[in-house]
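Visitor: Please take one helix of this protein and show me closely how it sits among its surroundings. Short sentences would help me.

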Amino acid sequence: MPKWFTSAIIYQIYPRVYGMTAQRFGTLRDIQRDLPRIKSLGVNTLYLLPIHPITQKYRKGLSGSPYAIRDYLAVAPELAEAEGEEAASTEAAAAQFRELVQEAHAHGLRVLLDFVGNHCAPDNVLLDPANPPEKGGYHREWFLWDDESRPIAPSADWWDTADLNYGIPVEGKPNAHRLVYDREADRRAMWSFMTGVLQYWVREFDIDGYRCDFAHWVPLDFWREAIAQVKAIKTDTVFIAEAYDRMADLLSAGFDGIYAFELYNQLKSLHEEIRRDDPYYEVQYIRNKIEWERSLYLPGHRMVRYTENHDEPRTVVTYGGIERSKPPVLLALTLPGVPMLYAGQENGAAVRPPLFEGNYEATFLPIDFGANSPLASWYRHVLAIRSAKPYLQGDEIRFLPINSRKATAFLRRNGESMAVVIINFNSESPGERLEVELPPEALAACAAAGGQLVDLLTDGSPITIEAYPKQSRRIAIFLQPLQSSILEVREER
């Protein structure tokens, strides 16, 4: 895994709506102009939803979905800002994307693209008999067909897409038994093209990695070959799998990170009251999920942790308001893994840009990055803590006994530096007195002369730790409703 990825904080952007106004969609230049604000937020990695031309013939609504890709080797012209009276072209869009990557790098930001390798548009250029070799040529045999009219989709709901045939049946995937080739040369040619797509954007535009859509429906052997060949061009390229099956196998195949969707679902259930009408029933299972992850997945990877993304409702909607959203966000930022935010989340955006329904230009409100400045300040504060503290970027975690079912506590440690993190989901007034059992590492650090627990989130008074053997194993702290703490251990000097 590339070293830079251990401290990554991802900012997800949907280019078509970023900078969108009533008159036009967003452009790559809109993103470029906003790089100083993005950098000041405290993130260090951009992840862009697909930037390629999308289906013209089979669009969902007027807008279409960026996941119905018509040309893997081009940038959609509508993402370019027109210069003069001429309409923007794919060449202009590619040039503006190159400028965006270069300026992002100048700001210290990495750039990830979305790779949609499982499916594409039914009118993809690969199905055009006039498609030139440099664009992949004409390859009808790379698709599945029920009749002569159009290739079939992976599922009925995805009718604006066409399934790609990698020649290896994948268990659980629709039409898996048909994913074979009569000629091995056809399969090798298809794999070579898709690997070439991944290499192209790294080699020609110097991007830093990929988030791979529905990675579990693409054969593992393909990923093993393709990832190795891309990293031969740029060794610190990162691959993240969006996957809901075969997660451990994908990490073994070369992925550096994988979506932590199990924990995401766990956190959603805290506020949906689906367990005994008690929204706190599941808090104790946060620990179980983390321990399950650590037992299942190989070391040397990162779980990508989020409270929203383009497929899910906005954080403030899921958790019932701005204050209720803070504990789950803080959890995603303090657990081992790589946190990911969705643009507008830091401003409390409540409307998720429709992605697969189409026609979002009729209903979607452009993101107001000036809204909810106190919330944006809170995000900058906690992201600064995340970036500054090595113990929040490492793997070491130990859950600690706590006297409440409405909170969880754990130790994060890196060498001699450490903190006790308390995430409090209790929204009931007036708050409560929490007792946490300090771990031996914290007591040992302060054994000689005592020390303090300093809350990095607030300006409150430090908690004193007495020198050994006076200090009790348990400490008490009163937290207001939905208030959490990052208690850094500091030895008295």
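Guide: We start with one helix, then follow the parts around it. The model is predicted, so local features need pLDDT of at least 70 and side-chain atom pairs count only at pLDDT 80 or more, while totals for chains, interfaces and linings use all residues. Residues are numbered from 1 along each chain as its sequence is written, and side-chain values use heavy atoms, with hydrogens and water left out.

Our helix is α3, residues 90-106. Helices are DSSP runs of H or I with at least four residues, strands are DSSP runs of E with at least two, and both are numbered from the N terminus. How far apart are the end C-alpha atoms of α3? They are 24 Å apart. That agrees with the 24 Å that its 17 residues should span at 1.5 Å a residue. The expected span takes 1.5 Å times one less than the number of residues.

Now look at what α3 hides. Ala93, Ala94, Gln96, Phe97, Leu100, Val101 and Ala104 are buried. Buried means under 20% relative accessible area, exposed means over 50%, and partly exposed lies in between, with a 1.4 Å probe and protein chains only. Those buried residues cover an arc of only 165° around the axis, so they sit on the same side of α3. The arc is taken from the directions that run from the helix axis to the C-beta atoms. An α-helix has 3.6 residues a turn, so residues three or four places apart point the same way. Turn α3 around, away from its buried side. That face carries the exposed residues Glu91, Gln102 and Ala106.

What do the buried residues of α3 pack against? They pack against α1 (28-33), α2 (35-41), β2, β3 (110-115) and α4 (184-205). Contact here means heavy atoms within 4.5 Å.

Next, the end of the helix. Just after α3, Gly108 has a positive phi of about 80°. His107 has a C-alpha atom 7.6 Å from that of Pro36, though the two are 71 residues apart along the chain. Pro36 belongs to helix α2. Its relative accessibility is 47%, so Pro36 counts as partly exposed.

Another partner of α3 was β3. Follow β3 sideways. Four bridges join it to β6, and the two strands run parallel. Strands pair if DSSP finds at least two bridges between them. Phe115 stands opposite Cys212 of β6. Strand β6 (residues 209-212) is covered on both faces. Gly209 and Arg211 are buried on one side, Tyr210 and Cys212 on the other.

On to the next strand. Four bridges also join β6 to β7 (residues 238-241), again running parallel. Gly209 stands opposite Val238 in β7. From β6 the chain crosses through helix α5 (residues 220-233) to β7, a right-handed β-α-β crossover. Right-handed means that, with the strands pointing away from the viewer, the path from the first strand over the helix to the second runs clockwise.

Asp213 lies in the loop between β6 and α5. Asp213 counts as buried because its relative accessibility is 6%. Its side chain makes a polar contact with the side chain of Arg211 at 2.9 Å. A polar contact is a pair of N or O atoms within 3.5 Å; within protein, one must be able to donate a hydrogen and the other to accept it, and residues adjacent in sequence count only if both atoms are side-chain atoms. Not counting residues up to four places away in sequence, Asp213 touches Tyr67, Asp114, Phe115, Val116, His119 and Glu242.

Last, step back to the loop between β2 (45-48) and α3, where Thr55 is found. Why does Thr55 count as buried? Its relative accessible area is 0%, so it is buried. The Thr55 side chain reaches the backbone nitrogen of Tyr58 at 3.1 Å. Leaving out residues up to four places away, Thr55 touches Ala68, Arg70, Ala121, Pro122, Asp123 and Asp160.
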